[in-house]
Amino acid sequence: MIVFIQLFQLLLSIPCVVLRTILHIENNPVGIDATIAWYGLGFIIYGVFDMVFFPAYYKNGYKAGKAFVIAAIPMLLLMIASEGAVRLPALAWLDSYAPYDLLLQAPILLFGILCYIILICIAYWVSVKRFERVDL
């Protein structure tokens with residue numbers, strides 16, 4: 001269910017990105033725009049969150065809030081790093097819609113999807129092992 005919700009959030013943002021491009025809205029002055037790299041980084045962030053949250057939750061099965069806070073810490077750090085990276089001149093291409101820059105961003109998307117798949121599988125495997133020991 002969580003994977004479905006996460007993927008749905010990313011898919012739901014695509015029409016917004018297309019509409020933003022059609023309307024020629026200015027770049028985001030605060031952080032990274034929704035580029036191909038942004039989606040790749042989003043997959044990594046979701047994967048890290050799931051990797052921490054699910055094993056932490058199924059450690060005892062009762063403290064979902066505590067597991068969420070524990071998982072939110074690395075997620076927040078990754079979000080800050082992702083949003084701040086575009087402020088470095090050498091990484092400004094992460095925030096660009098230029099065709100050449102989008103080609104440079106494609107490996108980040110593929111790497112992000114790969115990381116997400118691997119991390120969600122590990123989180124699932126660890127959670128299943130822990131679930132078997134938890135008395136709900």
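1. A word on terms to begin with: the helices here are DSSP runs of at least four residues, numbered from the N terminus. Please also keep in mind that this is a predicted model.

2. Let's start with the largest pocket, which holds about 250 Å³ of space. Its lining draws at least two residues from each of α1 (2-22), α2 (36-57) and α3 (64-85). Of the contributors, α2 gives the most, with 5 residues.

3. What lies nearest the centre of that pocket? Among its 13 lining residues, W38, G42, I45, Y46 and M79 hold that position. By character, the lining of the largest pocket splits into 8 nonpolar, 4 polar and 1 charged.

4. The second largest pocket has a volume of about 210 Å³. Helices α1 and α4 (99-133) each bring at least two residues to its lining, and α4 has the largest share, 6 residues. The residues lining this second pocket include M1, I2, V3, F54, Y58 and F131. They divide into 10 nonpolar, 1 polar and no charged.

5. Next, the nonpolar interior. The largest nonpolar core has 8 residues: I45, F49, F53, F54, A67, A71, A72 and M75. Both α2 and α3 supply at least two residues of this core. A second, separate core of 7 residues includes A85, V86, L94 and I108. Back in the largest core, you may like to look at A67, which touches F53, A56 and Y57, leaving aside residues up to four places away in sequence.

6. The aromatic rings deserve a look too, with 9 aromatic pairs found across the whole structure. One of them joins W38 and Y39 edge-to-face, at 4.9 Å centre to centre and 80° between the planes. W38 is partly exposed, at 26% relative accessibility, whereas Y39 is buried, with a relative accessible area of 11%.

7. Why is the pair of F49 and F68 called edge-to-face? The ring centres are 5.5 Å apart and the planes stand at 70°; planes over 60 degrees apart count as edge-to-face. Because F49 lies in helix α2 and F68 in helix α3, this pair ties together parts that are 19 residues apart in sequence.

8. Is F49 buried or exposed? F49 counts as buried, at 11% relative accessibility, because buried means under 20%. Its partner F68 is partly exposed, with a relative accessible area of 43%.

9. Finally, ring pairs link F49, F53, F54, Y57, Y58, F68 and F131 into a cluster. Several names return here: F49, F53 and F54 belong to the largest nonpolar core, while F54, Y58 and F131 are among the residues lining the second largest pocket.

How values were computed:
Residues numbered from 1 in each chain as written. Predicted model: local features only at pLDDT ≥ 70, side-chain atom pairs only at ≥ 80, totals over all residues. Heavy atoms only, no water. 1 Å grid on protein atoms, 1.4 Å probe; cavity = no way out; pocket = protein on both sides within 12 Å on 5 of 7 lines; lining within 4 Å. Points joined across faces, edges and corners; volume = space filled by probe spheres on them. Nonpolar A, V, L, I, M, F, W, Y, C, P; charged D, E, K, R; others polar. Core = buried A, V, L, I, M, F, W, Y, C linked by side-chain atoms within 4.5 Å. Buried < 20%, exposed > 50% of the residue type's maximum accessible area, 1.4 Å probe, protein only. Contact = heavy atoms within 4.5 Å. Phe/Tyr/Trp six-rings, centres within 6.5 Å; stacked < 30°, edge-to-face > 60°.
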